[in-house]
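Subject: Structure handover

Hello,

Here is the structure I promised to pass on. Please open it beside this email.

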Amino acid sequence: MLEKIRKSFMNIKLLRKVFNWGRAWSLWSVHLETGCCGPEDMARACARFDTERFGTLPFPTLRECDLIFVTGFVTKKMAKRLKLTYEQMPEPKYVIAIGHCAISGGLWWDSYSVVQGVDEILPVDVYVPGCPPRPEAWIQGIRMLQEKIAKEGLKK
Amino acid sequence: MSVMKLSMGPQHPITGHFRFILDVDGDLVLKLEPDIGYTHRGIEKLAEKRTYLQNLPVIERVNSYCDSAGTMLGYLEAIEELMGLEVPERAKYLRVIAAELNRIASHLYAACLFSVATGLETMLMWPINDRELVLDLLEKLTGQRITYTYQTIGGVRFDMPEGFKEEALKRLDYLEKRTEDYYKMLLWNHTFHMRTKKVGILKPSDAIKLGVVGPNLRASGVKVDVRKDEPYEVYDKFDFSIPTGKNGDSYDRLEVRFKEVEQSINILRQALKDIPKGPIKKWAPPIVPKGEAYTRVEAARGEFGYYIVADGTMKPYRLKMSPPSFRNLIALPHLCKNVPLGDIPVIYISLDLIPMDVDR
Amino acid sequence: MIPILSFSEFIELILKVLIFPGLAFPLLFAMIVIWFERKFLARIMLRIGPLHVGPLNRTGLFQPIADFLKLIQKEIIVPDNAYKFLYNIAPIMASIVASMSVAFIPYAPKPDGGYWMIYYTPLSLLVILAIFTARPFIMVGAGWASNSKYCTIGALRAALQLLAYEVPITLSLASIVIMSGTFDLAKIVETQSSIWFIILQPIGFIVILIAMMAELSRRPFDIPLAEQEVVFGWPTEYTGTQFALVMVSEYFDLCAVTSLITVLFLGGWSGPVIPLLNDISPILSGVFWFFLKMAILTVIIIMGRGIYPRLRIDQLLDTGWTLLIPLAIIQIIITLLTAQWWLPLVRGA
Amino acid sequence: MSVEEKVIESVKTRFPEDIIEAKVKRKNRVSISVRSNRIYDIGLFLRDELGFNHITSVSGVDYIDMNELEVIYTIWSIDKKILASLRTKIPRDNPTLKSLINVWEGVLYHERETWEMFGIKFEGHPDLSSLLLPEEWDGPPPLRKDFLLPETPQEKLEEKIKRAGGW
């Protein structure tokens with residue numbers, strides 16, 4: 001029943017813009033590192049680059065998170081867990097693919113245990129290229145996602 | 001009370017790419033079984049398909065986490081040993097500078113992970129902020145933040161940029177001063193002592209028996225360092241000491257890392273002072289003569305071994321890596337027997353295991 | 001018999017229930033404290049914290065509002081094998097119980113006698129203690145009902161910790177009661193008009209501050225919520241609105257606890273009358289001093305998160321049983337021995 | 001006589017029959033090839049008598065032309081500062097070897113990895129289960145030479161295009 005109330009609330013046209021604003025500026029990310037962009041994930045969340053300025057901070061439980069950073073390559077063993085993590089997160093949720101490896105397999109294009117591009121298993125919203133991308137590029141990725149969310153469900 | 005199976009990771013705030021299967025009884029962990037392989041890319045197989053030069057970026061990403069410069073040295077050492085190639089002196093110094101800067105960055109990263117494990121978020125941010133200073137230096141030297149491909153067969157790719165020396169010395173001074181803050185904030189913190197002292201004690205005999213390497217072995221009081229035992233590059237020209245711990249507990253493992261940072265600063269100062277003028281690269285043939293070589297280097301997390309079998313072509317016949325984290329991994333189930341659940345993150349982080357390194 | 005309220009009394013009641021000590025105040029408190037906490041800790045950590053959200057440029061003032069808006073839009077997931085009734089009711093219960101204790105705390109004296117509080121009872125201290133003891137049961141209930149291993153471990157930790165720390169709280173309250181001779185919070189404030197209890201009972205103050213930090217699961221005592229060990233403790237499985245309720249209830253608790261300590265040790269509203277505020281309304285001056293003391297306590301409690309590592313559960317229980325309880329008992333003994341000199345001063349006899 | 005030569009000498013005198021080849025490769029490196037059935041005893045001898053106590057790595061090499069697999073235990077001696085490689089060759093069709101877990105406890109994961117990557121069965125090893133590969137792996141052991149990697153990414157690309165419904 002609560003679900004119904006939530007859905008009907010979200011469908012109110014007038015509140016749409018406000019809701020989009022709230023979603024865009026409060027993207028909490030999951031603690032799941034899949035590849036070697038991990039230290040840059042740390043760097044962007046911590047001092048100096050500090051994405052909390054834009055409301056994006058790593059949050060311990062995935063039940064409240066809205067954002068997965070797919071940090072680098074995804075192995076076949078990890079792919080299952082990544083999918084599970086994505087499915088456990090509540091709607092609405094977003095995915096940012098970080099690095100060449102997450103986009104297309106990158107350096108590991110011929111590896112026997114790496115998934116060739118994370119879009120084979122998850123719907124990706126923003127791609128950030130680089131190997132690894134600099135924290136500034138991560139921030140740009142977050143900003144692009146925010147712009148995308150701000151337009152969600154509104155007339156074009 | 002019955003024993004509960006608890007699965008920790010890979011989606012868990014502390015475990016990174018690992019998964020632990022814990023046997024938990026109340027708040028007591030009876031047994032820990034690591035489940036690894038979440039970052040296995042098969043680098044050893046891929047290396048057989050690529051040429052020696054193409055392998056550089058691939059091998060670097062074994063430990064692109066923090067320590068790619070230190071990791072790469074061993075591979076280059078092995079190839080140069082097979083070729084009988086003598087690298088120019090200046091290139092050797094530059095390699096050492098990159099590797100030692102990387103060691104500082106890696107140890108700072110370890111320190112910040114450590115404070116996360118105990119729940120002190122402030123000390124997560126401070127070392128990361130100072131690590132950025134080191135990464136800036138490395139970026140100036142090599143052009144990248146964490147994956148450099150700076151050292152190459154026969155030397156290095158770029159010379160030191162102008163003004164690098166002065167900048168580096170300034171930042172090293174700052175880092176040295178800053179270490180005092182870390183001691184005040186973390187290492188002399190009473191609560192931190194309560195959490196880390198006498199937690200996860202690794203006896204020297206056990207450490208040797210299990211084949212633990214690097215700072216973890218030195219924290220147990222065993223004085224083993226490849227830089228001293230069989231000096232590679234120009235490490236025999238520097239005057240530095242090997243810090244060792246006394247008790248081999250988690251606290252010692254962190255303290256040894258901090259002392260190593262001080263030693264690295266020491267080495268870097270000497271290297272920046274003595275660096276000779278000259279060429280930075282020597283031409284190397286693409287084909288490596290037939291033979292085999294086993295080389296070891298001291299990466300930030302410990303001894304990194306490379307075993308190369310060359311069959312006289314442009315590609316290695318077999319490349320075996322023996323990374324430090326894979327060898328330290330065995331200490332984790334050994335230490336996590338009958339410990340409180342709260343100590344699991346502390347012990348895990350104190351060993352400074354990097355999943356990339358374990359899985360390759 | 002139902003008392004019949006006059007119109008002005010009715011307006012006053014509505015004002016109390018909905019705005020000042022009632023609903024709006026803890027909500028506003030929670031929002032401001034969440035924002036302040038994030039900003040303050042970020043400054044300690046050499047970061048900036050929330051920056052780009054909100055009307056005032058570069059303050060991030062609306063960050064909690066954005067988070068709240070986000071959370072209420074989230075899908076509500078109830079785990080399949082959870083005990084659904086308890087699981088759904090627990091966050092609501094938590095927030096109700098947390099906001100309830102605010103009703104019994106006097107915030108300022110009214111010029112015509114009486115106090116600015118929702119419900120006056122001479123035994124208000126006891127009532128608040130009773131409300132506090134309800135919290136562990138909600139946590140255990142929620143943790144157990146989630147049917148998740150991390151939740152269960154977190155709930156058991158919470159129960160251990162909260163039960164252990166209720167004893168030193170009660171003991172140090174005993175010495176307050178001995179000194180003031182009443183369970184009435186308003187009377188306790190009145191007795192402090194000449195000298196605050198923090199000066200008379202410094203040990204008791206320290207004990208109760210530490211114990212309350214443990215009750216609130218603030219670092220270094222945030223073991224039930226330790227993210228590195230048990231992900232998020234008992235509320236791990238909650239999503240969206242339910243999680244927002246849980247979070248808000250924690251800050252309601254913080255509000256209640258800081259109010260309580262202010263009343264007990266820092267002399268409540270007492271302080272020099274500020275003429276400007278007094279002109280608007282006579283209660284505002286008292287409220288101002290009350291808020292100032294609350295703010296100082298809040299900062300102290302929040303600061304723990306930036307400075308201390310987390311304790312382990314056994315060390316925490318050790319501290320509780322072997323350090324705080326003896327200290328509280330020592331405080332009682334000192335109070336009893338020295339009461340004869342202080343009593344005339346505080347009770348104004 | 002250098003320390004390396006002394007090590008070779010003592011191994012040769014103790015096991016004259018079972019050593020195929022033992023030589024000093026360079027400073028700090030000795031290489032000892034042994035017959036596979038005696039590797040356990042020689043390992044014990046190296047550990048107890050010569051002080052090779054710190055296991056460094058266990059690696060395999062697939063010599064497909066000779067139809068042989070080579071297993072190499074690399075052990076460092078902390079006192080002597082020598083790295084010994086204890087190597088043995090086993091047939092590729094039926095690769096079994098006595099596990100050295102009772103000699104050096106640290107080979108636990110090394111041997112498990114070698115089992116997984118080369119299919120070498122270590123007798124007496126407590127847990128020879130999957131370590132690094134995905135759970136549903138059903139191919140030959142990947143580090144053997146007859147396991148081939150794709151030559152071009154073309155195949156994958158075409159599949160992707162087909163799934164996306166053309167360019």
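Below is what was found, chain by chain and contact by contact.

First, the ground rules. This is a predicted model, in which local features need pLDDT of at least 70 and side-chain atom pairs count only at pLDDT 80 or more, while totals for chains, interfaces and linings use all residues. Residues are numbered from 1 along each chain as its sequence is written, and chains are lettered from A and ligands numbered from 1 in the order in which they are written.

**Chain A**

Chain A holds six helices and seven strands. Both are DSSP runs, numbered from the N terminus: helices are H or I with at least four residues, strands are E with at least two. Starting at the N terminus, the order is α-α-β-α-β-β-β-α-β-α-β-β-α.

The radius of gyration of chain A is 16 Å, which agrees with the value near 15 Å for a compact globule of 156 residues. That radius is taken over C-alpha atoms, and the globule rule is 2.2 Å times the number of residues to the power 0.38. Along the principal axes, the C-alpha atoms of chain A fill a box of roughly 50 × 35 × 35 Å.

Check two prolines here. E91(A) and P92(A) are joined by a cis peptide bond, with omega about -15°. P92(A) sits in the loop between α4 (76–88) and β5 (94–98) of chain A. C131(A) and P132(A) are also joined by a cis peptide bond, with omega about -10°. P132(A) sits in the loop between β7 (126–128) and α6 (135–150) of chain A.

**Contacts between chains**

Five pairs of chains touch, and chains A and B share the most contacts. Two residues are in contact if their C-beta atoms, placed from the backbone, lie within 7 Å. Chains C and D do not touch; 24 Å separates their nearest C-alpha atoms.

The contact between chains A and B takes 32 residues from chain A and 31 residues from chain B. On the chain B side, α1 (43–49), α2 (55–60) and α5 (122–142) each supply at least two residues. α5(B) gives the most, with five residues. By class, this side of chain B has 14 nonpolar, 11 polar and six charged residues. Ala, Val, Leu, Ile, Met, Phe, Trp, Tyr, Cys and Pro count as nonpolar, Asp, Glu, Lys and Arg as charged, and the others, Gly among them, as polar.

The contact between chains B and C takes 26 residues from chain B and 22 residues from chain C. On the chain B side, two or more residues come from each of β1 (4–8), α4 (89–118), α5, α7 (190–196) and α14 (343–350). This side has 14 nonpolar, eight polar and four charged residues.

**Chain B**

Strands β6, β7 and β8 of chain B form an open antiparallel sheet, in the order β6-β7-β8. Two strands pair if DSSP finds at least two bridges between them. The edges are β6 (291–299) and β8 (316–322) of chain B, each pairing on one side only. On average, neighbouring strands of this sheet are turned by 15° against each other, direction ignored.

Nine bridges join β6(B) to β7 (residues 302–310) of chain B. R296(B) has G305(B) in β7(B) as its bridge partner. Helix α3 (residues 68–83) of chain B lies across β6 and β7 of chain B, running at about 150° to β6(B). Axes are lines fitted to C-alpha atoms, for helices over the stretch in contact, and angles run from 0 to 180 degrees between N-to-C directions.

One backbone outlier to look at: D352(B) is not a glycine, but has a positive phi, near 55°. D352(B) lies in the loop between α14 and α15 (355–359) of chain B.

**Chain C**

The axes of α6 (residues 135–146) and α7 (residues 149–180) of chain C come within 8 Å and cross at roughly 165°. That makes α6(C) roughly antiparallel to α7(C), a term for angles over 145 degrees. Among the residues that meet are M139(C) and W144(C) in α6(C), and A155(C) and L162(C) in α7(C). By class, this contact has 11 nonpolar, four polar and one charged residues.

The axes of α10 (residues 202–215) and α12 (residues 240–265) of chain C come within 11 Å and cross at roughly 170°. α10(C) is therefore roughly antiparallel to α12(C). F205(C), I208(C), L209(C), M212(C) and E215(C) in α10(C) meet V257(C), I261(C) and F265(C) in α12(C). This contact has seven nonpolar, no polar and one charged residues.

Best wishes

How values were computed:
Parallel < 35°, antiparallel > 145°, perpendicular 65-115°, else oblique.
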